[in-house]
Amino acid sequence: MTTQDEPTAARRAWFPLGYKEAFGQWWTGLTPAQTEFKVLSMIPHIRAPQIESTSSDSDSIDTSSASNSSDPHGRRKWFSNIVGLSGKDRALNEFSIHREGEEVENNLVMVHGYGAGLGFFYRNFEPLSRLPGWRLYALDLLGMGRSSRPPFRIHAKDAQGKIDEVENWFIDALEEWRVKRGIGKFTLLGHSMGGYMATAYALKYPGRLNKLILVSPVGIPEDPYAVKAELPDTQTSTGQNEVQDEQSEPRRLPKWLQIAWDANISPFSFIRLSGPLGPSLVSGWTARRFSHLPIEESQALHNYSYSLFRQRGTGEYIHPIMI
């Protein structure tokens, strides 16, 4: 009986996808449209129509295998579109769910976090679209996901001016999308960095929102009462690996990673530069992040993640400015 040598076993523990499989995924080069469609087709009950996007990366999608069971909450269908905006190479990727034959009274718009895409909300779409009279939208932020990736340049010299430019780069695209869709007021939900941008949108366009929902937002002060609340005993808590005592020394990034971060080299830069090893690097994150899911779902999310992370970097370069 043969066993893996220690270096190989250690590499497999950190990066589960082997060299052969990684090369195969890199060589195949599934497009973001293909991998996104696979993820969205796992949404139960809601029917998947033909992709309506005019983007060239969706031309080869085969929708013949997409099928959903009967819908207990009405005849809902999901749509995927690329919504063009003004200016050169500016467009937002849009996912929506609408119940056939129903008048829309309210709109829920969801935006994702840093470097992510709308497909990561796939398990939330079905329950959030059950309420009658509501239409659900999810958007890829400009420069991320399947949205267009125009060059990201900052012209301001002072720190506040740079931050304002970053915020406006994202939220003005969201406002233009709202106008294009003819939506009046809506409810905006933002996760992580999307929560930060949703707050910036609410401050700049206060009359556009009915409600603002923040899900684990970054850059937003915590409830002072929650900050002062007692932490669980880390000796007995089942989540002791996830809770850090506020008196202990904070974790520090490795020096080389901090230097790369300060030099505006994003985590996705390493994936793009690694070529055939890129899928293996991504598997180190996806294997841990999605290990609790059925194998088909975790594999679909891995493919989706890699297809997004390898795209040309633009909006991801906000991190040295925002921190």
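Reader: With which residue does E100 form a salt bridge, and how far apart are the closest N and O atoms?

Author: Side chains of opposite charge can pair when their charged atoms come close. Here E100 forms a salt bridge with R75, and the closest N and O atoms are 3.2 Å apart. E100 lies in the loop between strand 2 and strand 3 and R75 in the loop between helix 3 and strand 1, so the pair ties together parts that are 25 residues apart in sequence. The term salt bridge stands for a side-chain nitrogen of Lys or Arg within 4 Å of a carboxyl oxygen of Asp or Glu. Helices (H or I, at least four residues) and strands (E, at least two) are DSSP runs, numbered from the N terminus.

Reader: Before we go on, what kind of model is this?

Author: This is a predicted model, in which local features need pLDDT of at least 70 and side-chain atom pairs count only at pLDDT 80 or more, while totals for chains, interfaces and linings use all residues. Residues are numbered from 1 along each chain as its sequence is written, and side-chain values use heavy atoms, leaving out hydrogens and water.

Reader: Thanks! Is R75 buried or exposed?

Author: Let me give you the scale first: buried means under 20% relative accessible area, exposed means over 50%, and partly exposed is in between (1.4 Å probe, protein chains only). The areas behind it come from the Shrake-Rupley method with a 1.4 Å probe, and for residues only the protein chains shown count as cover. R75 has 52% relative accessibility, so R75 counts as exposed. Its partner E100 is partly exposed, with a relative accessible area of 35%.

Reader: How many salt bridges does the count come to?

Author: The count comes to 17 salt bridges. In one of them, the side chains of R47 and E100 meet at 2.1 Å, N to O. That pair links distant parts of the chain, 53 residues apart: R47 sits in the loop between helix 3 (32-40) and strand 1 (76-84), and E100 in the loop between strand 2 (91-99) and strand 3 (106-111). R47 counts as partly exposed, at 27% relative accessibility.

Reader: Where do E126 and R76 lie?

Author: The side chains of E126 and R76 meet in a salt bridge with a distance of 2.7 Å, N to O. E126 lies in helix 4 (residues 122-128) and R76 in strand 1, so this pair ties together parts that are 50 residues apart in sequence. Both E126 and R76 are buried. Elsewhere, R47, R75, K77 and E100 are joined into one network by salt bridges that share partners.

Reader: Now for empty space. How many cavities does a search of the whole structure find?

Author: Rolling a probe the size of a water molecule over the atoms shows where empty space is left. On a 1 Å grid over the protein atoms alone, a cavity is a set of points where a 1.4 Å probe fits but cannot get out, and lining residues have an atom within 4 Å of a point. Points are joined across faces, edges and corners, and the volume is the space filled by probe spheres set on them. The search finds 4 cavities of 30 Å³ or more, and the largest holds about 60 Å³ of space.

Reader: Which residues line the largest cavity?

Author: The lining is made by G115, G143, M144, R149, F268, R272, L308, F309, Q311 and E316. Helix 9 (267-273) and helix 11 (295-309) are the elements that give two or more residues to this lining. By class, the lining has 4 nonpolar, 3 polar and 3 charged residues. For these classes, Ala, Val, Leu, Ile, Met, Phe, Trp, Tyr, Cys and Pro count as nonpolar, Asp, Glu, Lys and Arg as charged, and the others, Gly among them, as polar.

Reader: Which residues form a nonpolar patch on the surface?

Author: Patch residues have over 30% relative accessible area and no salt bridge, and nonpolar side chains (Val, Leu, Ile, Met, Phe, Trp, Tyr) are joined within 5 Å, like charges within 9 Å. Y19, F270, L277 and L281 form the nonpolar patch, with about 360 Å² of accessible area together. F270 has its place in helix 9 and is partly exposed, with a relative accessible area of 32%.

Reader: What phi does H45 have?

Author: H45 has a positive phi of about 75 degrees although it is not a glycine. H45 is found in the loop between helix 3 and strand 1 and counts as partly exposed at 23% relative accessibility. S216, also not a glycine, has a positive phi of about 45 degrees; S216 lies in the loop between strand 6 (209-215) and helix 7 (224-228).

Terms used. 1 Å grid on protein atoms, 1.4 Å probe; cavity = no way out; pocket = protein on both sides within 12 Å on 5 of 7 lines; lining within 4 Å.
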